[in-house]
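Please open the viewer, switch to a cartoon drawing, and keep the selection tool at hand. This tour goes from one selection to the next and says what can be found at each stop.

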Amino acid sequence: MRKRAIATVSLAGAVIAAIFAGASLLGNYANTTDNLHWTGKPLPPCFVNATTCGGHILGTDAVGRDVLARLIVGARTSLGMSLVGTVCELTMLGLLILATRRGNSAIRFAIGRFTDAISCFTAWPVTIVAASISFGEGSLARLGTIGLLAGVLMGARAVGFGIETSLTPRLVSRVVRDWSTILLMLATVDFFGFGVAPPMLSWGNMLADLQANLQLAWWAAVFPAACLFIAALLIQLGGRATLSDLNCW
Amino acid sequence: MRRLRAAVVTVLNAAVAAAIMLACTFVLTRAAASQSSSRVAHGLPSVIPLILQRLPVTLELLGSSMVLALIIGVGLAFIAARARGRIAKRLLSGCVLALRCIPFFWLALVSQLLAAIYVGDWIFGTSSSNRFSLTDHLAHLAVPACILALMQIPIVVQALQATASRSVQKTSAPVAAVLDALAVRLPEIIAACFITEMAFGWPGEGRLFLAAVNADQPKLATGVVLLTAVLTLLLRVALRLAMSTSLISRGIQDA
């Protein structure tokens, strides 16, 4: 049981790390604006039609940009941003645990009511409102605000789940699994156009033209969603295996 | 006497949480309004009727999807519990996990497109004509409610499975466990409801929120966010009160 859990954690971690590292290394070399093979209509992926794909393995989008290159660059932003959110959540939970352990009953009461209040807010609508506040700021400041807010909201929700205020396997597993929730939540914010803004790429903002792409080039609407799904699935499996693994120790 | 005291404490705690919620929303609204370029100065009192007008439509979609999710979720959990082989259980766990990992906005928009192709454009909105007809209204409600239920089924199934696996150690009530899980996840469910409304042209709070954000109306947008937060808080308080007064026997919360 323990060996199997360790194997699952290792596999999920290795795949996520490989995607992240690959995206970071290849991202600088990926040409996301190449439309040399632009023929007036999007090129299909090579597995659909090898003769007309023009070397674009996953095809091109509605305006002739290589989908694979965009996915690689988008992976860096999407996984990186959600990781920032997860680190913020872990930091917030750490501070809450510290304050609960060291503080008196008044502090514990304040923390309890604060998490009660914050956990009632819907995540992506609040993030969109907060993002609209920092529209005037640089993109890094806005993305930082979004990541921080995502972490705080998820941290409050984790407390709402009734997690013991100590560093238990359940808490670690919850934070790992929340990474996937943050990934999907930030993708929603990007999809609505309030998070990562073009020319920066993320899997979420690649889906902004979802309806048009579904009719013109289904691959441009399916592959970013598939990347989000696979990444979220791997993180969830990793989180579950972490719990079994830590419980075995 | 002890139950009454517990109920009073719950209500007081909720009042303090509501005050914190209001303070957070006030800060957010002020900050957003200071950045807004809009000349239309909606005050919070002036947006309240606008927000409340859309509330019944959202509650209708939310309620019907919850009922659907409960029926399907309980059915699936029952089938998995009765199945002797491990394949059915694994299949159910796999489906539950897959549903949790699919980006909901993608699922809703793809479903909308497929529904438009195979069912027709008439399913968008709440009715086909100005004259109210119950069958027509239910026909419009069916697809969005099913899509929104897809998001809630994993919550119901996981809560029931957690209850079943712990029932050997402690006495737990499945009803309380499911209600607990739904209450904790209510903000996520409402967020998914907003997306469903947007996809299917359902004129509720979600569409109002997106219209407000796109029209640079921060007070209207934060008003919608505050309303959903208050609704969540009220529901949680009602649930805690029901549990503290033993109307619903206390379950074990596990998500």
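What follows is a walk through a predicted model, beginning with whole chains and ending with single residues.

**The two chains**

Begin by selecting chain A and colouring it by secondary structure, which should bring up 8 helices and 0 strands. If you follow chain A from the N terminus on, the elements run α-α-α-α-α-α-α-α. Of the 249 residues of chain A, 50% count as buried, and among its contacts with a separation of 6 or more, 70% come from residues 24 or more positions apart.

Now select chain B, where you will find 9 helices and 0 strands. Chain B has 255 residues, and buried residues make up 41% of them. For contacts in chain B between residues at least 6 apart in sequence, 77% join residues at least 24 apart.

**Where the chains touch**

Show both chains together and select the residues through which they touch, a contact that takes 36 residues from chain A and 36 residues from chain B. On the side of chain A, at least two residues each are supplied by α3 (105-118), α4 (123-133), α6 (169-191), α7 (210-216) and α8 (218-248). Which of these helices should you highlight for the largest share of that side? Highlight α4(A), from which 9 residues come. If you then colour the side of chain A that touches chain B by class, you will count 25 nonpolar, 9 polar and 2 charged residues.

Keep α4(A) selected and add helix α7 (residues 186-200) of chain B, whose axis comes within 7 Å of that of α4(A), the two crossing at roughly 70°. Angles of 65 to 115 degrees count as roughly perpendicular, and α4(A) and α7(B) are therefore roughly perpendicular to each other. Display the side chains of Ala123(A), Trp124(A) and Pro125(A) from α4(A), together with Pro187(B), Ala191(B) and Phe194(B) from α7(B), since these residues make the contact. By class, the contact of α4(A) with α7(B) has 6 nonpolar, no polar and no charged residues.

**A pair of helices within chain B**

Next, hide chain A and select helix α6 (residues 174-184) of chain B along with α9(B), two helices that pack at an angle of about 155° with their axes 10 Å apart. Angles over 145 degrees count as roughly antiparallel, and α6(B) and α9(B) are therefore roughly antiparallel to each other. The crossing of α6(B) and α9(B) is left-handed. To see the contact itself, show Ala176(B), Leu179(B) and Ala183(B) on α6(B), and Leu235(B), Arg236(B), Leu239(B) and Met243(B) on α9(B). The residues of this contact between α6(B) and α9(B) divide into 6 nonpolar, no polar and 1 charged.

**The nonpolar core**

Bring chain A back and turn to the largest nonpolar core, which has 138 residues. Select Leu153(A), Leu183(A), Leu186(A), Val189(A), Leu228(A) and Ala231(A), the residues that touch the most other members of this core. Then add helix α5 (residues 134-166) of chain B, from which the largest share of the core, 14 residues, comes.

**Buried or exposed?**

Select Gly238(A), which has its place in helix α8 of chain A. Is Gly238(A) buried or exposed? Because 24 other C-beta atoms lie within 10 Å, Gly238(A) is buried. Draw a distance from Gly238(A) to Arg177(A), and you will find that their C-alpha atoms are separated by 7.8 Å, although the two residues are 61 residues apart along the chain.

For the opposite case, move to Ala50(A) in the loop between α1 (2-27) and α2 (67-102) of chain A. With 9 C-beta neighbours inside 10 Å, Ala50(A) counts as exposed. The C-alpha atoms of Ala50(A) and Trp124(A), which are 74 residues apart along the chain, are separated by 40 Å.

**Two backbone details**

Most residues other than glycine have a negative phi, and most peptide bonds are trans. Zoom in on the peptide bond from Pro198(A) to Pro199(A), which is cis, with omega near 10°. Pro199(A) is placed in the loop between α6 and α7 of chain A.

Finally, select Asp216(B), in the loop between α8 (205-214) and α9 (218-244) of chain B. The phi of Asp216(B) is near 60°, a positive value in a residue other than glycine. Asp216(B) is partly exposed, with 17 other C-beta atoms within 10 Å.

Technical notes. Residues are numbered from 1 along each chain as its sequence is written. Chains are lettered from A and ligands numbered from 1 in the order in which they are written. This is a predicted model: local features need pLDDT of at least 70, side-chain atom pairs count only at pLDDT 80 or more; totals for chains, interfaces and linings use all residues. Helices (H or I, at least four residues) and strands (E, at least two) are DSSP runs, numbered from the N terminus. A residue is buried if 20 or more other C-beta atoms lie within 10 Å of its own, exposed if 12 or fewer, and partly exposed in between; C-beta atoms are placed from the backbone. Two residues are in contact if their C-beta atoms, placed from the backbone, lie within 7 Å. Ala, Val, Leu, Ile, Met, Phe, Trp, Tyr, Cys and Pro count as nonpolar, Asp, Glu, Lys and Arg as charged, and the others, Gly among them, as polar. A nonpolar core is a set of buried Ala, Val, Leu, Ile, Met, Phe, Trp, Tyr and Cys residues joined through C-beta atoms within 7 Å. Axes are lines fitted to C-alpha atoms, for helices over the stretch in contact, and angles run from 0 to 180 degrees between N-to-C directions. Angles under 35 degrees count as roughly parallel, over 145 as roughly antiparallel, 65 to 115 as roughly perpendicular and the rest as oblique. A crossing is left-handed if the near helix is turned anticlockwise from the far one by less than a right angle, and right-handed if clockwise.
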